[in-house]
Amino acid sequence: VVMRVATIALWLRAAKHDTARRRTALTYVFFVSVVQLGWVVLIFVNLPLAPTMLLTLLLVGLELVGPYVAEHGREGGTPWHAHHIAERYGLLVIITLGEIILGTIMAISAVIDEQGWSVETVAVAFGGTALAFGLWWVYFTMPSGKVLQRFRERGFVWGYLHYFIFVALAGAGAGLHVAAYEIEGVAHISIVQALLTVVVPVGIFMVALFTIYSLLLRQFDPFHIWLFIGSIAVLVLAVTAVAAGASFGVGILITAASPFVVVVGFETVGHRHQAAAL
């Protein structure tokens, strides 16, 4: 509520001082006010689950539609700074990657409690950390600021598809929490299922990233498709190895190699493809 009240005040200030875009600013005021009022009402109105979920979906829809309506008015939208927006999204990605680091710490603690310091502990520690850095490296191969500065109309597809990036990264961190429970023996799932709670979010991340990249540049590059296939193949290998009897630490190490397939491909060949596309 505090954040939204400040947002409304700033949009009202913008409407007062930027007469050319007053309608755009007031459109933001309208949607932000209505949606936030809806969230507050949901707090205090004790509805059954089904109506609550329905109203939640409606409010989420308004959250997504509001900026689109405001930015596609007759005034032409706000003069947003492409590189600044790209930087903000990048920082949100880094923050979300912290969930993977936290999950790694919990998994390491679980291994130490059960087995003490061992090769398995080192494998989980290195694998979880390498996974976080690999996903970070892969994400920042995307030239978001440069493309959005030239093709601003691609901003909404680029921005809204980031929801899958954030969900996947948070999911991978949660998966490592699940792994900690499995190692401690308190999770009612197998070690393969525990690894899948990490592998599946990483796979979703790779799908989302390649989709955003392709839609951002609007070019089909067969080389990038091969990199994507290679990264997914490594994830399949990780699950297969653990199903065949490998430890969870080995599974995490193989999973961590998935983004580095793309990193190596990009740093050796892919960067030239990207330069040509740009």
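**Figure 1. A nonpolar patch on the surface of the predicted model.** Six residues form this patch: L37, V41, V45, L47, L55 and L58. Together they have about 490 Å² of accessible area. Two elements give two or more residues to the patch, helix 2 (22-44) and helix 3 (49-71). L55 is found in helix 3. Its relative accessible area is 35%. L55 therefore counts as partly exposed, since that class lies between the 20% and 50% limits.

**Figure 2. The protein chain as a whole.** The chain has 11 helices and 0 strands. From the N terminus on, its elements run α-α-α-α-α-α-α-α-α-α-α. Along its principal axes, the C-alpha trace spans about 65 × 55 × 30 Å. The chain has 278 residues, of which 41% count as buried.

**Figure 3. The largest nonpolar core.** This core has 57 residues. L135 and F205 are those with the most contacts inside it. Which elements each supply at least two residues of this core? They are helix 4 (82-115), helix 5, helix 6 (144-150), helix 8 (162-184), helix 9, helix 10 and helix 11 (248-277). Helix 9 gives the most, with 14 residues. In soluble globular proteins, nonpolar side chains tend to be buried together.

**Figure 4. A salt bridge between E63 and R4.** The structure holds 3 salt bridges. In this one, the closest N and O atoms of E63 and R4 are 3.0 Å apart. The pair links distant parts of the chain. E63 sits in helix 3, and R4 in helix 1 (residues 2-17). The two are 59 residues apart. Buried or exposed, or in between: where does each partner fall? E63 is partly exposed, with a relative accessible area of 26%. R4 is also partly exposed, at 23%.

**Figure 5. A salt bridge between R21 and D18.** The side chains of R21 and D18 meet at 3.1 Å, N to O. R21 has 28% relative accessibility, so it counts as partly exposed. D18 has a relative accessible area of 27% and is partly exposed.

**Figure 6. A salt bridge between R88 and E87.** The closest N and O atoms of R88 and E87 are 3.5 Å apart. R88 is partly exposed, with a relative accessible area of 40%. E87 counts as partly exposed at 42% relative accessibility.

**Figure 7. D221, a buried residue without a salt bridge.** D221 is found in the loop between helix 9 (191-217) and helix 10 (222-243). It is buried, yet it has no salt bridge. The nearest side chain of opposite charge is that of R272, 10 Å away. A salt bridge needs a nitrogen and a carboxyl oxygen within 4 Å, so D221 and R272 do not form one. What does the side chain of D221 contact instead? One polar contact, of 3.0 Å, joins it to the side chain of H224. Another polar contact, of 2.9 Å, joins it to the side chain of H273.

**Figure 8. R218, a residue with positive phi.** R218 lies in the loop between helix 9 and helix 10. Its phi is positive, about 55°, although R218 is not a glycine. Buried or exposed: which is R218? R218 counts as exposed because its relative accessibility is 54%, and the exposed class starts over 50%.

**Figure 9. F133 in helix 5.** F133 is found in helix 5 (residues 119-139). At 49% relative accessibility, F133 counts as partly exposed. The exposed class needs over 50%, so F133 does not enter it. How far is F133 from V1? F133 and V1 are 132 residues apart in sequence. In space, their C-alpha atoms are 35 Å apart.

Methods:
Residues numbered from 1 in each chain as written. Predicted model: local features only at pLDDT ≥ 70, side-chain atom pairs only at ≥ 80, totals over all residues. Heavy atoms only, no water. Helix = DSSP H or I, 4+ residues; strand = E, 2+ residues; numbered from the N terminus. Buried < 20%, exposed > 50% of the residue type's maximum accessible area, 1.4 Å probe, protein only. Lys, Arg positive; Asp, Glu negative; His and termini not counted. Polar contact = N/O pair within 3.5 Å; in protein donor to acceptor, adjacent residues only side chain to side chain. Patch = residues over 30% accessible without salt bridge, like charges linked within 9 Å, V, L, I, M, F, W, Y side chains within 5 Å. Areas by Shrake-Rupley, 256 points an atom, 1.4 Å probe, with all protein chains shown as cover. Core = buried A, V, L, I, M, F, W, Y, C linked by side-chain atoms within 4.5 Å.
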